[in-house]
Amino acid sequence: MSFLAAALDRVKPSATIAVTDKARVLKAAGRNVIGLGAGEPDFDTPDNIKQAAIKAIQDGKTKYTAVDGIPELKEAIIGKFQRENGLTYKPNQVIVGVGGKQVLYNALMATINPGDQVIIPAPYWVSYPEMVALAGGEPVPVVCTAAHGFKLQPEALEKAITPKTKWLILCSPSNPTGAAYTKAELKALTEVLVKHPHVWIMTDDMYEHLVYDDFVFTTPAQVEPSLYDRTLTVNGVSKAYCMTGWRIGYAGGPAQLIKAMATIQSQSTSNPCSIAQWAAVEALNGPQSFIPANNKVFKERRDLVVSMLNQASGIECPRPEGAFYVYPSCAGTIGKTAPSGKVIENDEGFVTELLETEGVAVVHGSAFGLGPAFRISYATKTSDLEDACKRIQRFCGNLR
């Protein structure tokens, strides 16, 4: 009998972390590798946020806090939800976790029973189905094609719902595609959900502020207030505030659910880092002007990458509305022979040969539930992106 838990048989390691680790190993061995796998802004955390953390240390705010977050951060989160999303929450309806991932995981652990189903639009963030499986539930991927902008269609949602459906997880703007739902598109989905009162919605709004071309962000509970009592609205400071390593995520939702999530957190990690919480207070309450400045750079990078990838033989790259990812198809390269002599049989083969031949690390689309494609994070310096795209063009041009 294996010493390890059977639950491990239900999950796979994170493909995005794996490709980043592989790129790191190759770099350490002296290879010239450009890593485009990590979903992490290359901009530094703003100075005012750093100073708030330093002040917290100097003021001795280094002790345990309430499990679900300090009151000051909860108030900042309540203010953010009211100001930016038109959502009203009380302190007992808000939880702070060690990154958005923990918040999502705690919610699933607090609600999933064996046999419960969770609808997950694909392409999806690699962790969604694995977290559902760890919680003992059944992930139900629903393929969302490029023809529909990688967005879940109301008819497909209706078809996927069964008496066992407990949650729909919706990420907008999306990791991995960058696709973002308009208010009208969300309204069409929420009209389906209104008809099925046993289905709750978990929204991952982590990329809320990273939208381009005058796109207006909305979140489901804002679009359809009747869903407020069965919506968990998840967000965090990692992406827009360039605070990935600070590990602060949060959510607003029904008090009973928040209390259950806090119970799980109390017996696992307990409170998030006290210093990071005070930094997050400053992030949410402080100046926001750096966000549009960063977005201007992200938009320029997006346009550069989309243009250059569409000039590569066998690649088709849609232009996304938000986040800092593109999700190009590599269908035109399947069946061709790489310079190594190996035939590219699928998207995993494509990204493997690309890394070995040209030193560009990207993540294969099948890891996100829809191939043949690959994900590129353009949250890296522009010169590296331009170099990487030239290498991709060269690699594709040398396929036979």
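**Entry 1: Asp116 and Lys166**

I looked up Asp116 in this predicted model and found its relative accessibility to be 13%, so I recorded Asp116 as buried, the cut-off being under 20%. I then examined its charged partner: a salt bridge joins the side chains of Asp116 and Lys166, with N and O 3.1 Å apart. Lys166 belongs to strand β5 (residues 165-171), whereas Asp116 sits in the loop between α4 (100-111) and β3 (117-122). The pair therefore ties together parts that are 50 residues apart in sequence. For Lys166 I noted a relative accessible area of 23%, which means that this residue is partly exposed.

I next followed salt bridges that share partners. Asp213, Lys299, Arg302, Asp303 and Arg319 are joined by such bridges into one network.

**Entry 2: Glu130 and Lys12**

I searched the whole structure for salt bridges and obtained 22. One of them links Glu130 to Lys12, and the closest N and O atoms are 3.0 Å apart. I located Glu130 in helix α5 (residues 127-134) and Lys12 in the segment before α1 (15-28), so this bridge ties together parts that are 118 residues apart in sequence.

Is each partner buried or exposed? Glu130 is buried, because its relative accessibility is 13%. Lys12 is exposed, with a relative accessibility of 59%.

**Entry 3: Lys74 and Asp68**

I turned to Lys74, whose side chain meets that of Asp68 in a salt bridge with an N to O distance of 2.8 Å. I entered Lys74 as buried on the basis of its 8% relative accessibility. Asp68 has a relative accessible area of 19%; as the cut-off is under 20%, I entered Asp68 as buried also.

I add a general remark on such pairs: side chains of opposite charge can pair when their charged atoms come close.

**Entry 4: Ser377**

I placed Ser377 in strand β12, which spans residues 374-377. Its relative accessibility is 2%, and I therefore class Ser377 as buried.

Which backbone atoms does the side chain of Ser377 reach? A polar atom of this side chain lies 2.9 Å from the backbone oxygen of Ala38. The side chain of Ser377 also reaches the backbone nitrogen of Ala379, at 3.3 Å.

I then listed the contacts of Ser377, leaving aside neighbours within four places in sequence. These are Leu36, Ala38, Gly39, Phe324, Tyr325 and Leu385. Ala38 thus appears in my notes on Ser377 both for its backbone oxygen and as a contact.

Methods
Residues are numbered from 1 along each chain as its sequence is written. This is a predicted model: local features need pLDDT of at least 70, side-chain atom pairs count only at pLDDT 80 or more; totals for chains, interfaces and linings use all residues. Side-chain values use heavy atoms; hydrogens and water are left out. Helices (H or I, at least four residues) and strands (E, at least two) are DSSP runs, numbered from the N terminus. Buried means under 20% relative accessible area, exposed over 50%, partly exposed in between (1.4 Å probe, protein chains only). A polar contact is a pair of N or O atoms within 3.5 Å; within protein, one must be able to donate a hydrogen and the other to accept it, and residues adjacent in sequence count only if both atoms are side-chain atoms. Contact means heavy atoms within 4.5 Å. A salt bridge is a side-chain nitrogen of Lys or Arg within 4 Å of a carboxyl oxygen of Asp or Glu.
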